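Please open the model in your viewer and keep the selection panel at hand. The stops below are best visited in order.

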Number of protein chains: 2
Amino acid sequence: MEKELTPTSAADGVEQALKVLEGKWKLLIMFHLFGGKLLRFSELERAIPAITQKMLTQQLRQMEADGVVRRILHHQLPPKVEYGLTEWGQALCPVLDALLKWADLRDDLR
Amino acid sequence: MEKELTPTSAADGVEQALKVLEGKWKLLIMFHLFGGKLLRFSELERAIPAITQKMLTQQLRQMEADGVVRRILHHQLPPKVEYGLTEWGQALCPVLDALLKWADLRDDLR
DNA sequence: CGGTATCCGCTGTGATACTG
DNA sequence: CAGTATCACAGCGGATACCG
């Protein structure tokens, strides 16, 4: 089925997509997880030294709720939690590439 | 020359690109201007009834400064101003398409 | 180890009034 | 017609302390 595409509906669709990326640390977290990598909470903290625990938790929770990140809980002592991208999260990679290329285009066009 | 691409530099590049799109009304304005359309200030106001004059001015000024929108001033009475996309602005169209498709993918993947 | 809870400042947005 | 100026407010993110 075809969707009708008015300026309003198109802008709305893109905004839905962008909302998933909004948040000061989400892109950085994603780029650390691309390639199917799994990282523990503490490994993410070390990979992103400037982030606070609060923000790391908050951003991960939102990304999980949005379906880009999955949380893998290993029941053991001490507790171990790993984070990775979902299939949908990995599908974002080419889109982000396109955005990077668009940013580069600016220099070429002027 | 090749750029080295660390998670940090990649996230940074994407953030630069996204900053241009941030702002409550910018996407909506862009979608009204795609296809080489030129619209007057008052036409944009009518096309986007919920926007205030302040926000329309502010978003247009920022988009102009960022290089996605161009302002065409016709010296006549009464004054006439038209807004359109720059070449770089129009180059964003396929990228936004990719984002739309990514958003649609979510439903397919679960 | 992997989190929560709380307080607080800053920036983006809205409402409204005014202007060349 | 096409703006500018001012005030008010909500939500994001930072700092810090505490918890199972």
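Begin by selecting W102(B) in this predicted model. Leaving aside its neighbours within four places in sequence, W102(B) is in contact with residues of chain A: A17(A), V20(A), L21(A), V68(A), W88(A), A91(A), L92(A) and V95(A). W102(B) also belongs to the largest nonpolar core, which has 69 residues. L96(A), W102(A), L96(B) and W102(B) have the most contacts inside that core.

Next, display both protein chains together. A turn of 180° with a shift of 0.0 Å along the axis lays chain A on chain B with an RMSD of 0.1 Å. The two copies are therefore related as by a two-fold rotation axis. To find that axis from chain A, select V95(A), whose C-alpha is the nearest to the axis in that chain, at 3.6 Å. The copies meet through the same surface, because 100% of the interface residues of chain A are also interface residues in chain B.

Now select residues 69–74 and 80–85 of chain B, which are strand 2 and strand 3. These strands run antiparallel and are joined by six bridges, and a hairpin of five residues connects them. Within the pair, L73(B) stands opposite V81(B).

Finally, select DNA strand C. It is surrounded by 19 residues, the closest being Q53(A), R71(A), Y83(A), K24(B) and K54(B). Sugar and phosphate make up 60% of the atoms of DNA strand C that come within 4 Å of the protein. Zoom in on Y83(A), where an N or O atom of the side chain is 2.7 Å from a phosphate oxygen of DNA strand C. At K54(B), a polar side-chain atom lies 2.3 Å from a base oxygen of DNA strand C.

Key. Residues numbered from 1 in each chain as written. Chains lettered and ligands numbered in written order. Predicted model: local features only at pLDDT ≥ 70, side-chain atom pairs only at ≥ 80, totals over all residues. Heavy atoms only, no water. Pairing = 2+ DSSP bridges. Helix = DSSP H or I, 4+ residues; strand = E, 2+ residues; numbered from the N terminus. Least-squares fit on C-alpha atoms with pLDDT ≥ 70 in both. Contact = heavy atoms within 4.5 Å. Core = buried A, V, L, I, M, F, W, Y, C linked by side-chain atoms within 4.5 Å. Buried < 20%, exposed > 50% of the residue type's maximum accessible area, 1.4 Å probe, protein only. Near = heavy atom within 4 Å. Polar contact = N/O pair within 3.5 Å; in protein donor to acceptor, adjacent residues only side chain to side chain.
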